[in-house]
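Hello,

Here is the structure I promised to pass on to you. Have a look at it first, and then read on for what turned up.

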Amino acid sequence: MTEIINRQYFLASRPGAMPTTENVQCRDVPLAPPGPGEVILRNLYISLDPAIRGWMSDAPNYIEPIALGDAVRSSVLGRVVESNSPDFAVGDVAMSVGAWEQYTTAPAAGLNKLDETAGIPLSLFLGALGPTGLTAYFGLLEVGKPRAGETVLVSAAAGAVGSVVGQIAKMQGCRVVGMAGSEDKCRWLTDELGFDAAINYKTCGDYVAAIQKAAPEGVDVYFDNVGGEILDAALLCLNQFARVAVCGWISTYNEANPPGPVNLWQVVARSATVQGFTVLDYLDRFAEGIGQLAEWLMAGKLKYREEIVDGLDNILPTFLRLFDGSNSGKLVIRIPE
Ligand SMILES: NC(=O)c1ccc[n+]([C@@H]2O[C@H](COP(=O)([O-])OP(=O)(O)OC[C@H]3O[C@@H](n4cnc5c(N)ncnc54)[C@H](OP(=O)(O)O)[C@@H]3O)[C@@H](O)[C@H]2O)c1
């Protein structure tokens, strides 16, 4: 049998700021046969998530840092090309924790089989019907706990997580304000997703004044995707007993020494609750979340944007687009079959 070569992008050194080609390098390695109980996937889609930047650093995180020399960890979705498990046949499609690589070898026990025949575009299982949709669903409903009539503010609102948060909040009967980094994104939020207001944080000037104008009755739930100055502004706009769901702090991920929030005292002043979470906190409820998200999607109540970029060799520059906002919705790399 001809030897299969696996192209990988691996962590050669830890980035101090924005990752570069010094930090993430390419190599071609022979693909080893699967071990007992293992399956080899030919990856079709690789999910690009801001969290990967955190795993590139060795700061304490909710999962282990990527070891130097290892391929960069990512969620992947691929087709089974070899299987040593009775649960997977060649040709099946499955999701796995994998890496920035053409082939992923993983224990069958860690794979999620997907039904290709359901007519759902496969990439959605990495986005609105996958980890990002679930993050929005559990983070908003379980941590933000929105009630009808309340005001929900969400940052990175046109992104993969934020756009789903805002739409679910609308379905709960809330007034929803989104913050995003371009006029096009803001228009999409209000005109197509039904947000009540959108703030272009790159042009609005004073964040506090802009939030107060868009949310004149104050903020009851702030879904924080960005941290930094936007979090500080949101803290000044909270109502009594507000909830801050801390999902991510993308504005700090490439900063060596990011400043902490300076307005945290407002949590005392407003008897507010600040709670961080990761989607993994809700692992045992994923089936429920995916079921509900799929129902909303089929009913046309949940809209999404995704940006699919072809070619494993484009993976690093594409990943970096998460940090300048030039991505539009869920960002994935496709490796065409
Ligand atoms: N807790 C969890 O389990 C969990 C799971 C998934 C994701 N997350 C977090 O959720 C957040 C969003 O992730 P995502 O996958 O949905 O990404 P995304 O929103 O699709 O893409 C990232 C967006 O963040 C915005 N952004 C980048 N740098 C920024 C800055 N300095 N200030 C303000 N906005 C900035 C950009 O949009 P603009 O054009 O609007 O600037 C960019 O498009 C991230 O913080 C991520 O780490 C957490």
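Let me start with Glu337, which is exposed, with a relative accessible area of 65%. Please keep in mind that this is a predicted model. Glu337 forms a salt bridge with Arg79, and their closest N and O atoms are 2.7 Å apart. The two sit 258 residues apart: Glu337 in the segment after strand 15 (330-334), Arg79 in strand 4 (residues 73-83). Unlike Glu337, which is exposed, Arg79 counts as buried, at 18% relative accessibility.

A second pair is Glu150 with Arg243, where the closest N and O atoms are 2.6 Å apart. Glu150 lies in the loop between helix 2 and strand 8 (151-154) and Arg243 in strand 12 (residues 238-246), so this salt bridge ties together parts that are 93 residues apart in sequence. Both Glu150 and Arg243 are buried. Elsewhere, Arg7, Asp28 and Asp313 are linked in a network of salt bridges. The count of salt bridges comes to 14.

Now to the ligand. Where does it lie? Domain 1 (5-122 + 305-334) and domain 2 (131-280) both give residues to the shell around the ligand, so it lies between them. That shell divides into 15 nonpolar, 11 polar and 1 charged residues. Among the contacts, a side-chain N or O atom of Tyr201 is 2.4 Å from an oxygen atom of the ligand, while a backbone N or O atom of Cys247 lies 2.9 Å from a ligand nitrogen atom. Taken alone, the ligand exposes 910 Å², and the protein buries 90% of that.

Enjoy exploring it!

Best wishes

Technical notes:
Residues numbered from 1 in each chain as written. Predicted model: local features only at pLDDT ≥ 70, side-chain atom pairs only at ≥ 80, totals over all residues. Heavy atoms only, no water. Polar contact = N/O pair within 3.5 Å; in protein donor to acceptor, adjacent residues only side chain to side chain. Areas by Shrake-Rupley, 256 points an atom, 1.4 Å probe, with all protein chains shown as cover. Nonpolar A, V, L, I, M, F, W, Y, C, P; charged D, E, K, R; others polar. Domains from an automatic or database assignment. Salt bridge = Lys/Arg side-chain N within 4 Å of Asp/Glu carboxyl O. Helix = DSSP H or I, 4+ residues; strand = E, 2+ residues; numbered from the N terminus. Buried < 20%, exposed > 50% of the residue type's maximum accessible area, 1.4 Å probe, protein only.
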